[in-house]
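Could you walk me through the helices, charge pairs and backbone details of this chain? I would like the cut-offs spelled out along the way.

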Amino acid sequence: MSNLIKGLISICCLCLALIDQAWSEQPATRFNVSFSQLDSCESFSVPNTGYGYRKFYMLHELSNNNRKAGERLHLKFYVLTSMDAHILLSVTSHPRLYDRVYEIVIGAGGNTFSAIRTSMGLRRVATSQEPNLVSLYEPTPIEIVQTQNGELFVYIPGFKSEPLMQFIDESPLTINYMSFSSFGSNTARWFYDCGFDGYDKEISQEVEKPTPTKELLDRLNFLAENASLPENLTSVLFHFQTRSLAYEQTSSMLQTRMHMMLHWQDSRLGWKPQDFGSLESFEHPDLRIWTPHMNVLNGALQSVGEILRSYELRVYANGNITLYANNLQLTSWCVDGARNWPNERVTCDIELGLNYQEGQEKLALIYDKHRKPIAPNEHVNLPSGWSFTELSVVRVDSDAARRYNPKGMMQKMDGDVAIEFTLQRNRSFYMTVFYLPLLACQMFLILSFVLRSTRRSALILIALLITAWGLMYMTRHASPHYEPPLMTAYKTVMIVATYCYILHICMIWLELYPPRSQAPDWLVALINSNVLRCVLGLRFADSNDYCDIQTNPLRHLAKILNNLSSILIIITFAFVDITSGV
């Protein structure tokens, strides 16, 4: 039994050896190029971004190419693509559309033909109708030879020994650069500088000499130590220029637009201008250095959190740094507690503070008034209802040791500042729009006491309509959070106008349609009182008046009510005008 098992094992080993030998004798691919061989090559992938040469390679000196006698250029590389393998040979790394170049396309027209062109996409000078030369699954070798007499040959090694295409150029180009591409939505992967075939020193990526700007950028980013905080930095200077203010009283918010500049010094970032092309200052979008993180402590809406999102950064040779924020828009809370519309004088502030990590030294904001002071009368755009009267920058007093309290709320710290704006509402506008109609209504109601019949009722109705209009129009301007004194005055005048109209109706009733019942004696005695008549501005009752009072006391009662109401209303209007600020 053991001999049988040994025999079966020997037969299996012999079969495996024969299979391995047969597999090793088969060609790796159609052009006898295996993927394991391509591991020794450099590669470049072309995405499906359409036709275009985006990356150029610089050819090494001709002595490094595998050229033979009589050759100017001898290159070899491999490609994996379904069609349209493009190779560009040019004099410069930035050829224009109609510049003379050598463009070689393998597998053009859906992998049905190949061509040589002397301009990008134009001027075909050689064509081969051999189809299916390129594939996504088999590397296609491409060999290009340029001879001294201007002949250009394109070979596909392993396909045939003769050139696939050739072109004789009477004015041959001196090739310095080359690039790869594809066409349409096709992708391609190119292999070059392959060690297994001896073409490992043909091309390399173009390495330009860094400019002074590039050298300085790299130096500053390196010395900035990953944008770390400069050593011994304790304060940041700032100044600003206010461009516009908008106070929204209904929402208790102040919207400010300003230009702001911050200044600090980082001794690590200084340089000698003569070493970098005489550059005294430097700015670049790729500059990665430490910048302050500024917050509006009483910020609202988009001003919650970091506010320096877009700015220009400039570094000077002595290590000074300037940050310029153009049209910085800030929104902060500002509550008007005076409750005296439309005579408000509001002081709104923008509380600014710098944020820093735990363990770092506190950073203070210092207003640099000497660099560019802001005058109170400097032009600032404001809504028509307000005027800008005063500006000041004050320090914020606080004993807090941390920027955030245990609840995660931002709080004030020592070193923060507040920019205070004092705004005054334009009172003259509201005097014209609201106070004059109010005074006119008061005069109409007082004059109504000397009129009779329909003229009196018409005057009262006019005053009533004006006050109603004024109240409705006032709701568009006054704060809805409280009832302003002026609104109280309008309400009082409207109540008085209603009373006057009711009084006018009662007087008509008493004079024209009095009750038939006899008036009580105390009422008759009161009407005949000379003291009361003197106070109300009525003449003393004579014998004729006395008899008339005895006969028609209610008509004289209407006169007394009229005069008494006029005096009380005049006193009421005087009190209302004083308390409302008229």
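Here is a short tour of selected helices, salt bridges and single residues.

The model is predicted, so please keep in mind that local features need pLDDT of at least 70, side-chain atom pairs count only at pLDDT 80 or more, and totals for chains, interfaces and linings use all residues. Residues are numbered from 1 along each chain as its sequence is written, and side-chain values use heavy atoms, with hydrogens and water left out.

**Two helices**

Helices (H or I, at least four residues) and strands (E, at least two) are DSSP runs, numbered from the N terminus. Helix α3 covers residues 212-223. The 12 residues of α3 reach 16 Å from first to last C-alpha, close to the 16 Å expected at 1.5 Å a residue; the expected span is 1.5 Å times one less than the number of residues. Buried here means under 20% relative accessible area, exposed over 50%, and partly exposed in between (1.4 Å probe, protein chains only). In α3, the buried residues are Leu216, Leu217 and Leu220. Viewed down the axis of α3, these buried residues fall within an arc of 105 degrees, so they line one face of the helix. That arc is taken from the directions from the helix axis to the C-beta atoms. What do the buried residues of α3 pack against? Their partner is β16 (281-282), where contact means heavy atoms within 4.5 Å.

Helix α5 (residues 453-474) has 22 residues, which should span 32 Å at 1.5 Å a residue, and its end C-alpha atoms are indeed 32 Å apart. Its buried residues are Arg456, Ser457, Leu459, Ile460, Ala463, Thr467, Gly470, Leu471 and Met474. Down the axis of α5, the buried residues lie within an arc of 160 degrees, so they line one face of the helix. Turned away from that buried side of α5 is a face with the exposed residues Thr454, Arg455, Leu465 and Met472.

**Salt bridges**

Side chains of opposite charge can pair when their charged atoms come close. A salt bridge is counted when a side-chain nitrogen of Lys or Arg is within 4 Å of a carboxyl oxygen of Asp or Glu. The whole structure has 7 salt bridges, including those in this table.

| Salt bridge | Closest N and O atoms |
|---|---|
| Arg100 and Asp169 | 2.7 Å |
| Glu103 and Arg117 | 3.1 Å |
| Glu225 and Arg268 | 3.2 Å |

Arg100 forms a salt bridge with Asp169. This pair links distant parts of the chain, 69 residues apart: Arg100 is in the loop between β4 (85-90) and β5 (102-107), and Asp169 is in the loop between β10 (165-168) and β11 (177-181). Arg100 is partly exposed at 37% relative accessible area, while Asp169 is buried at 6%.

Glu103 pairs with Arg117 in a salt bridge. Glu103 lies in strand β5 and Arg117 in strand β6 (residues 113-119), so the pair ties together parts that are 14 residues apart in sequence. Are these partners buried or exposed? Glu103 counts as buried at 0% relative accessibility, and Arg117 counts as buried at 15%.

Glu225 forms a salt bridge with Arg268. The two residues are 43 apart along the chain, with Glu225 in the loop between α3 and β14 (235-248) and Arg268 in the loop between β15 and β16. Glu225, Asp266 and Arg268 are linked in a network of salt bridges.

**Positive phi angles**

Most residues other than glycine have a negative phi. Glu225, just after α3, takes a positive phi of about 55 degrees. Asn132 also has a positive phi, about 55 degrees, although it is not a glycine. Asn132 sits in the loop between β7 (122-128) and β8 (140-147) and is partly exposed at 46% relative accessibility. Asn327, not a glycine either, has a positive phi of about 50 degrees. Asn327 belongs to strand β19 (residues 320-333) and is partly exposed at 34% relative accessible area.

**Two strand residues**

Thr256 is in strand β15 (residues 253-265) and counts as buried at 2% relative accessibility. Leaving aside neighbours within four places in sequence, Thr256 has contacts that include Thr242, Leu328, Ile350 and Phe421. Val394, in strand β22 (residues 386-395), counts as partly exposed at 32% relative accessibility. With neighbours within four places in sequence again left aside, Val394 is in contact with Val417, Ala418 and Glu420.
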